[in-house]
Structure formats: C-alpha cells, structure tokens
Amino acid sequence: MIELAVGIFNGIGIGSVLLIAALGLAIVFGLMGVINLAHGELMMLGAYATFVVQNFFRDLDAGDGVFGLYIIVALPVAFLVSAVAGLILERGVIRFLYGRPLETLLATWGVSLILRQLVRSVNWLLTIAILLFCALFFGGMWLLRRRPNWEGMKGWAIAILLPLSLAIAGIAGWAMTGNATLARPWFGPRNLDVSTPPWLRGGFELGAYRLPYSRMFIIVLTILCLAGIYWFFNRSDWGLRIRSVTQNRDMSACLGIPTGTVDALTFALGSGLAGIAGCAITLLGSVGPNVGQNYIVDTFMVVVVGGVGNLFGAIIAALTIGVSTYLLGSGALARVFEDINSLQFVAEFLRFFTSTSMARVMVFVLIIAFLQVKPSGIFPQKGRTAEL
Amino acid sequence: MNKGLGRRKFLWYGSAAFGTSLILKACADPNGQMTAGPGADGDTIKVGILHSLSGTMAISETTLVDAEKLAIQEINANGGVNGKQIEAIIEDGASDWPTFAEKAEKLIDQDGVAVVFGCWTSASRQAVKDVFETRDHMLWYPVQYEGQECSRNIFYTGAAPNQQIEPAVQWLLDNKGDEFFLVGSDYVFPRTANTIIKEQLAAEGGTVVGEDYIPLGSTEVTPIIARIQQALPDGGVIFNTLNGDSNVAFFTQMQGAGMDPERYPVMSVSVAEEEVQQIGVDLLVGHYAAWNYFQTVETPENETWVEAFKAEYGEDRVTNDPMESAYLMVYLWKQAVEQSGEAYDIEGVRAAAIGQSFQAPQGLVTMNENHHISQMVRIGQVREDGLFDIVWATDDRVDPQPWNQYVPETKGYACDWSDPNKGGRFRLDEA
C-alpha cells in the first residue's frame with residue numbers, strides 16, 4: 001500500500017516537472033501558434049536568475065537562516081527575467097514572423113543558440129558594450145523620432161546611427177579590454193550549483209521510503225501556477241482579450257483590442273512561466289548553459305500529446321507520461337504482473353523495459369501509437385475555438 | 001509598412017552588418033595559437049593540441065588544454081626539447097566527433113605537427129584513431145577509458161580498467177559489501193565498464209542486484225532511485241559511471257530520498273575534483289572515487305605542480321586525474337624525443353617512448369610495451385573542502401592490461417608493440 005502511494009507520488013513528481021516546463025510552451029504554442037525552440041533557454045535564464053538570487057542571499061545571510069528564503073524571492077525574479085527576455089524576443093524577432101511557422105522555428109532556434117553562448121561568455125565588458133549600444137542607438141532613434149520629418153529621414157537615421165553606435169560601443173569595449181575583473185565571465189561554460197534551501201532538503205518519512213520535500217514543493221508550485229493561469233485567463237480583462245484574439249484576431253482588432261500588445265503579453269507570460277520552471281529545476285539538478293536542452297523534447301511531447309491550445313490536455317498528458325515513465329522505469333508494473341502466474345510473459349516483457357532508457361523508448365512508442373489514433377492529441381482544437 | 005527591403009536600404013543594412021562582423025572579429029580574443037620563444041620554423045617543434053574548446057565537453061577538456069600548455073611552458077622555459085622550443089597549435093574539436101577527425105587531419109597534413117595531444121571521450125578517440133593509423137602518426141590520449149583497444153599509433157596515459165575500475169570493485173567487496181547496483185550514462189564507456197564489473201563480481205563472489213542507464217545529460221533519475229531502494233532496502237554499494245549533469249540530479253535526489261553515504265556508499269569513476277565543484281560539495285561529502293591521482297597526493301612533485309598550476313590559472317582552480325595524465329604525457333613524449341634525437345621521426349619516437357619513466361605528481365610512471373603506463377591506483381573519499389581524503393592506495397604501481405581479463409572475449413589477450421610479431425592483440429599462451 002505504501003509502495004503504491006510512493007509510486008503515485010513519484011509519477012506525479014515526474015509529471016509535474018514536465019508540466020511546469022511545458023506550461024509556458026503550451027500557452028505560446030497553443031494560443032499563438034508559435035513553435036518556440038528557445039523555450040528551454042528561457043528556462044535556463046530562470047535557472048541562472050535563481051543562481052544569482054541565491055548568491056545574493058548567501059552574502060546577506062548572517063547565520064539567521066535568511067538564506068533559506070531565497071527561493072521565495074527567486075521565483076518572481078526568475079519570472080520577471082524570463083518574461084522580459086521573452087518580451088524582447090517577441091518584439092524583436094517573432095512579431096515579424098507570425099503565420100510563418102518554419103521561419104519562427106529557425107529564428108527561435110537561432111535565438112536559443114545565441115542565449116546559450118551568451119550565458120557562457122557574458123561579462124561586464126560585454127554587458128557595458130551592449131548597454132552602451134542600446135542607449136546610443138535606441139536613444140538616438142527615440143530622439144530623432146520626435147522630429148516632424150521622421151518618415152523621410154528614417155533610412156538615413158538608421159544607416160548613420162547603427163554603425164556609429166556599434167563603433168562607439170566597440171571602441172569603449174576595446175578600451176576596457178585590459179581590465180581583468182571586467183573581462184571575467186559571470187558564469188562561464190561550467191555548470192553551477194544551486195544549493196537547495198535547508199527547509200526543502202529533507203523528506204516526509206513513509207515507512208522505508210522518504211518523499212523528498214523538494215518534489216512536493218515542485219508539485220505545489222505547479223498547482224499554484226495552474227490556478228494562477230486559470231484565474232488569469234478566465235477572470236481577468238487581459239485574459240478575456242487574449243482569448244478573444246486567439247479565437248478571431250481580425251474581429252478583436254476591429255473591436256479595439258490592441259492585438260499587438262496582447263501578443264506580447266501572452267508571449268511574456270509564457271516565457272515567465274518558463275522562468276518559474278527554470279527556478280524549479282534548480283532543485284533537481286545544476287544550472288548550466290545546456291540545461292534547457294534536456295527539457296525541450298519532453299515539453300513538446302507534452303504539448304503534442306495534450307492537444308494544442310488546451311491546458312487541461314497538457315495536465316493529463318504530463319501526468320500520464322510521468323506516471324507511465326515511472327511505472328515502467330522502476331519496474332513497479334512488472335512486479336504487479338509477477339504475482340499473477342498466468343501473466344508471467346507480460347511481466348517478462350515489462351522487465352525488458354525496466355530501465356530508464358528503455359522506459360523512455362517504451363513511452364515514445366506508446367505516444368506514437370496514441371498519435372495514430374488521435375493525431376491532434378487528447379483534446380483536439382475544435383474549429384477556431386481554443387478552449388482553456 | 002511592408003514595402004520590403006529597397007536597394008538602398010539593403011546596401012545600408014549590408015554595410016552595417018559587415019561593419020559589425022569586422023568589429024566582432026577585432027574584439028574576438030585571438031587565443032587560437034600559442035607561439036613560444038623566438039625562432040623560425042626550423043627552430044621550433046610543432047605539436048598539436050586537439051580538445052573540445054566548445055560544446056558539451058568543453059567544461060572538462062579545456063582543463064586538459066591548461067595542463068598541457070603548462071607542461072609545454074615549463075619545458076620551453078627549461079631550454080626546450082633538444083634545444084628547440086615547442087610551438088603548440090591548438091585546435092577545437094567542438095565536442096563533435098567528425099570535427100575531431102577533420103582537425104586531426106589538418107594538424108597532421110597542413111601544420112605538419114610532430115605529435116598530437118588530445119581527445120577526452122572514447123567516441124572522439126575512436127573517430128581520430130583511423131586518421132592516425134592511416135597516416136602512421138602519433139596521438140597521446142590522457143583520459144581513463146574502458147580499454148579493449150590497443151593501437152600502435154596511440155599512447156594511453158589514463159587508466160585502463162584494471163588500473164581503476166577493477167581495484168575499486170575489489171576494495172568495495174573487501175570493505176563495503178557484496179551487493180552492487182550499477183548506474184551509468186547510456187553510452188560506450190559505462191556499458192563496457194559495467195560488463196567488466198559484472199564479470200568481475202561473478203568471479204569474485206559479489207552480486208549485481210540491479211543495473212540502469214539514463215541518457216547523457218538527463219536529469220530525471222526518480223525511477224533509478226526507486227529501483228535502488230527496492231533492490232537494496234537496507235543499503236548497499238552503488239557503482240556510478242554517470243557522466244556530466246546527470247550526476248548532479250542523481251546525487252541531489254539521493255540526498256532528497258534520505259540515502260546517506262553510510263548506508264549507500266557511491267563509488268564514482270568519472271567524478272574528480274573539478275566535477276565535485278560543479279556537482280556541489282555538500283552532496284558528495286562521504287562518497288568515494290577511484291583514480292590514479294588526487295590533488296591531495298603527498299609527493300614533492302605534486303606540491304610543485306599544484307602550486308605552479310594555481311600560479312598560472314588562479315587560486316580557486318583544482319587539479320585532477322585527467323589533467324595530471326595530460327601533464328605527464330607531454331613530459332614522457334619529450335623524453336622519448338630526446339632519446340630518439342629527432343622529433344619528427346615518428347617511428348623513432350614511438351620506439352623510444354616505450355620504457356620511459358617520469359616522476360609525475362602521482363609518483364613514478366613508466367610507459368609499457370602496450371602503450372599504456374604503469375601507475376598507482378588510489379581511492380579517495382570526498383571531504384568538506386571538495387578535495388579527497390585518500391583512504392586506500394595500491395602498494396605498488398599496477399601494470400596496465402588494455403585487453404580485459406574478466407571479459408571472456410578478451411581474456412588471455414595482450415598487446416606488445418615492441419615486438420612486431422605480437423602487435424596489438426596476441427594470445428598470451430601462444431606467445
């Protein structure tokens with residue numbers, strides 16, 4: 001009985017990690033139709049934000065246990081960092097590519113490569129150069145835009161400002177190159193360790209087993225996120241606007257809904273959720289430039305199985321995949337059939353898949369088989385309506 | 001709004017992009033080459049360094065480049081090899097096996113190097129093996145590996161399985177119990193290593209109660225934790241051949257599940273000082289690792305080396321086993337060149353390399369006829385500062401056996417490159 005409870009808990013634990021990672025993607029992919037391959041990297045940004053907050057609290061801690069509270073602060077910070085990054089991504093790249101899924105795919109993949117390299121090599125020098133460039137270029141553009149003959153001189157302004165800003169930023173960067181502290185990478189290519197807060201380290205004793213608090217924390221966090229999203233979409237004004245734009249963009253625009261803002265907001269929300277997921281996965285593993293890559297396939301799997309544009313589908317899919325991965329991989333299912341004499345061959349078959357790698361293979365096979373029966377996932381989109 | 005790109009605009013954007021690329025190029029750090037000392041081509045000896053400076057393996061492999069560069073610097077400062085300075089040409093294998101082969105070809109054909117120091121993963125070594133064999137050139141390889149290979153063109157200065165895995169298993173059997181659970185990443189090294197362990201345990205009277213692999217880099221280890229708890233409810237030995245990120249997840253979740261090192265001691269063979277820092281010291285305190293070298297080895301050579309390394313690369317850096325192998329192999333090669341007299345005479349250097357001894361940080365090492373080195377084996381326990389307490393060491397150096405003597409297919413085989421009739425694989429009883 002205890003074993004069953006532990007099994008269910010572990011399965012839900014795996015599923016909730018998948019779900020929290022997939023939530024943002026489900027929103028972006030489901031509502032906006034954008035295949036965002038940089039989702040994993042947005043998670044990575046959230047994880048790095050957690051690392052930074054943790055270090056800040058470590059300095060702050062004077063032996064009074066303040067350090068343990070870092071995770072409470074890290075969650076909103078991770079959300080904000082990833083949301084802002086997502087906002088820049090949407091305003092800078094994706095809004096030019098709506099309705100062109102292949103280009104979006106390539107562009108976001110490129111962004112994911114850039115982000116991965118960025119966290120490896122980012123240092124004060126690079127930051128100063130980038131900020132200087134942004135201040136010069138966008139500041140200059142903002143000033144010039146107030147001139148009455150802006151439309152006429154737009155091309156010229158860009159052509160002069162861009163190389164000029166680049167040159168100044170480049171020269172400023174070059175002038176500071178000798179400074180070793182400025183040139184030292186913030187994070188570097190190596191994986192970094194985020195230590196779990198002391199109060200999440202233990203576990204709930206259950207017979208011979210122990211249910212780790214960190215898993216429980218992730219499960220609770222996932223539930224809170226789900227509740228928050230549900231409330232946002234169904235009870236708030238902006239949620240209503242997002243839903244209406246999803247259902248009929250032209251009609252919404254005619255009725256005065258700022259569709260551009262809605263797009264940006266939805267994307268930022270999805271990205272912010274990726275940040276929270278990134279914060280959550282620091283409880284399980286380390287932070288590194290490739291951390292997002294480990295999750296991107298699984299998250300797409302959840303979204304595809306769940307059915308596009310349906311959060312409820314994503315929940316069911318994540319939990320199903322999580323529980324079946326656990327039952328197959330840990331051999332729990334095989335043990336059930338072992339006790340029944342006439343079903344020995346089933347147990348033998350399942351034992352073959354009792355290893356984490358083979359369980360993954362089996363889950364993939366099951367998903368492919370399932371998609372043959374229901375090609376659009378558990379809850380397919382009906383017509384033009386996207387349900388939440 | 002959507003007028004598209006006009007010709008003039010296109011020109012502007014184009015020139016801006018061109019300018020950007022120029023600036024970026026100028027800003028990029030030109031660390032591709034390390035030239036040392038004065039002198040034109042004839043006065044230097046060119047050597048190739050081929051490791052991943054980018055990609056997933058860069059974390060580990062850049063440290064080897066540091067160690068090799070330090071050895072070259074020291075040799076150059078002490079007058080070079082046969083009076084000639086060493087010039088290192090560093091190439092990036094980019095954690096990509098075809099790139100490794102391509103760069104190896106480039107180093108041999110275009111740069112005309114005398115030797116290549118390089119590779120980490122078995123996959124990259126196997127990718128370049130062919131290049132070195134068809135050109136009859138020479139690679140020095142510094143990382144512990146799964147054995148079952150003995151190439152005439154490669155010198156292996158990391159541990160063969162009988163210099164790391166087998167003593168570790170034996171020590172666990174003697175001190176920690178005879179029920180083993182094997183955990184590994186899903187690729188060639190862990191699978192081969194675990195085959196060896198299973199054969200050894202069958203021969204020595206231990207049992208394998210479970211075995212599991214997860215994809216490289218995967219962090220979902222809950223099923224494995226559950227399986228270990230099922231198979232070893234009262235504790236037992238875990239033999240860990242996981243690589244990279246998975247280790248973090250594994251040790252974090254082991255701690256979360258309340259599996260302490262007292263009841264569930266983990267023996268790792270891919271976790272050294274560098275990795276301990278990354279995984280998190282507090283997760284690893286009390287667990288074990290088997291290597292030939294630890295930073296805490298007490299020899300005068302090690303003291304000097306650690307000091308020199310920290311002086312060159314920073315106080316917070318640590319040294320570890322693969323780095324030490326990378327460091328000592330440059331010296332072994334140097335001695336071989338000095339004996340043969342001519343660095344570019346591959347055949348001569350190869351013959352002279354066999355039998356070379358060097359007082360390395362880990363102790364005296366000697367290159368054998370089978371192109372592997374005799375070296376000490378040590379087992380360390382992670383302590384609070386992230387370094388290892390050496391809890392056990394062999395009395396003497398262990399001679400390498402590239403062909404494993406526990407696996408039936410290679411039992412009774414050996415390798416001897418000093419005798420052309422024996423070569424890379426011959427039966428011991430026939431010889």
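# Exercises on a predicted two-letter model: chains A and B

A search of the whole structure, which is a predicted model, finds 27 salt bridges over all chains. The exercises below begin with some of these pairs and then turn to surfaces and buried residues.

## Exercise 1: A pair in chain A

Find which residue forms a salt bridge with E205(A), and decide whether each partner is buried, partly exposed or exposed.

Solution. Begin with the pair itself: E205(A) forms a salt bridge with R210(A), and the closest N and O atoms are 3.8 Å apart. A salt bridge needs a side-chain nitrogen of Lys or Arg within 4 Å of a carboxyl oxygen of Asp or Glu, and the 3.8 Å of this pair is to be read against that cut-off. Next, take the two residues in turn. E205(A) has a relative accessible area of 52% and is therefore exposed, since exposed means over 50%. R210(A), at 21% relative accessibility, counts as partly exposed, because buried means under 20%.

## Exercise 2: Two pairs and a network in chain B

For R135(B) and D186(B), name the salt-bridge partner of each, and explain what the pair with R135(B) ties together.

Solution. In the first pair, R135(B) forms a salt bridge with D109(B), with the closest N and O atoms 2.9 Å apart. R135(B) lies in the loop between α4 (122–134) and β5 (139–141) of chain B, while D109(B) belongs to helix α3 (residues 97–109) of chain B, so the pair ties together parts that are 26 residues apart in sequence. As for accessibility, R135(B) counts as partly exposed at 31%, and D109(B) is partly exposed with a relative accessible area of 48%.

In the second pair, D186(B) forms a salt bridge with R191(B), and here the closest N and O atoms are 2.7 Å apart. D186(B) is partly exposed, with a relative accessible area of 30%, and R191(B) counts as partly exposed at 38% relative accessibility.

As a last step, look for charged residues that join in a network: E91(B), K103(B), K106(B) and D111(B) are linked by salt bridges in this way.

## Exercise 3: Chain A as a whole, and its nonpolar patch

Describe chain A by its helices, strands and surface, and then work out which helix gives the most to its nonpolar patch.

Solution. Start with the overall picture: chain A has 16 helices and 2 strands, and its C-alpha atoms fill a box of roughly 85 × 55 × 35 Å along the principal axes. Of its 388 residues, 50% are buried. When contacts between residues at least 6 apart in sequence are considered, 75% join residues that are at least 24 apart.

Now move to the surface. Chain A exposes about 18,300 Å², of which carbon and sulfur atoms supply 71%. A nonpolar surface patch of about 500 Å² is made by M1(A), L4(A), I8(A), I12(A) and L319(A). Helix α1 (residues 2–32) of chain A gives the most to this patch, with 3 residues. M1(A) sits in the segment before α1, and M1(A) is exposed, with a relative accessible area of 83%.

## Exercise 4: A negative patch in chain B

Which residues gather in a patch of negative charge on the surface, and where is E315(B) found?

Solution. The patch brings together E298(B), E303(B), E307(B), E315(B) and D316(B). Among them, E315(B) is found in the loop between α11 (300–313) and α12 (321–340) of chain B. E315(B) has a relative accessible area of 61% and is therefore exposed.

## Exercise 5: Two buried residues

For T127(A) and W171(B), state the helix that holds each residue, and list the contacts of each beyond its neighbours within four places in sequence.

Solution. T127(A) is found in helix α5 (residues 124–145) of chain A, and T127(A) counts as buried at 18% relative accessibility. Leaving aside its neighbours within four places in sequence, T127(A) is in contact with V122(A) and W186(A).

W171(B) has its place in helix α5 (residues 165–175) of chain B, and W171(B) is buried, with a relative accessible area of 9%. With neighbours within four places again left aside, W171(B) is in contact with K176(B), M267(B), Y288(B), I379(B), V391(B) and W392(B). Finally, set a separation in sequence beside one in space: W171(B) and E220(B) are 49 residues apart in sequence and 30 Å apart, C-alpha to C-alpha.

Technical notes
Residues numbered from 1 in each chain as written. Chains lettered and ligands numbered in written order. Predicted model: local features only at pLDDT ≥ 70, side-chain atom pairs only at ≥ 80, totals over all residues. Heavy atoms only, no water. Helix = DSSP H or I, 4+ residues; strand = E, 2+ residues; numbered from the N terminus. Buried < 20%, exposed > 50% of the residue type's maximum accessible area, 1.4 Å probe, protein only. Contact = heavy atoms within 4.5 Å. Areas by Shrake-Rupley, 256 points an atom, 1.4 Å probe, with all protein chains shown as cover. Patch = residues over 30% accessible without salt bridge, like charges linked within 9 Å, V, L, I, M, F, W, Y side chains within 5 Å. Lys, Arg positive; Asp, Glu negative; His and termini not counted. Charge placed at Lys NZ, Arg CZ, Asp CG, Glu CD.
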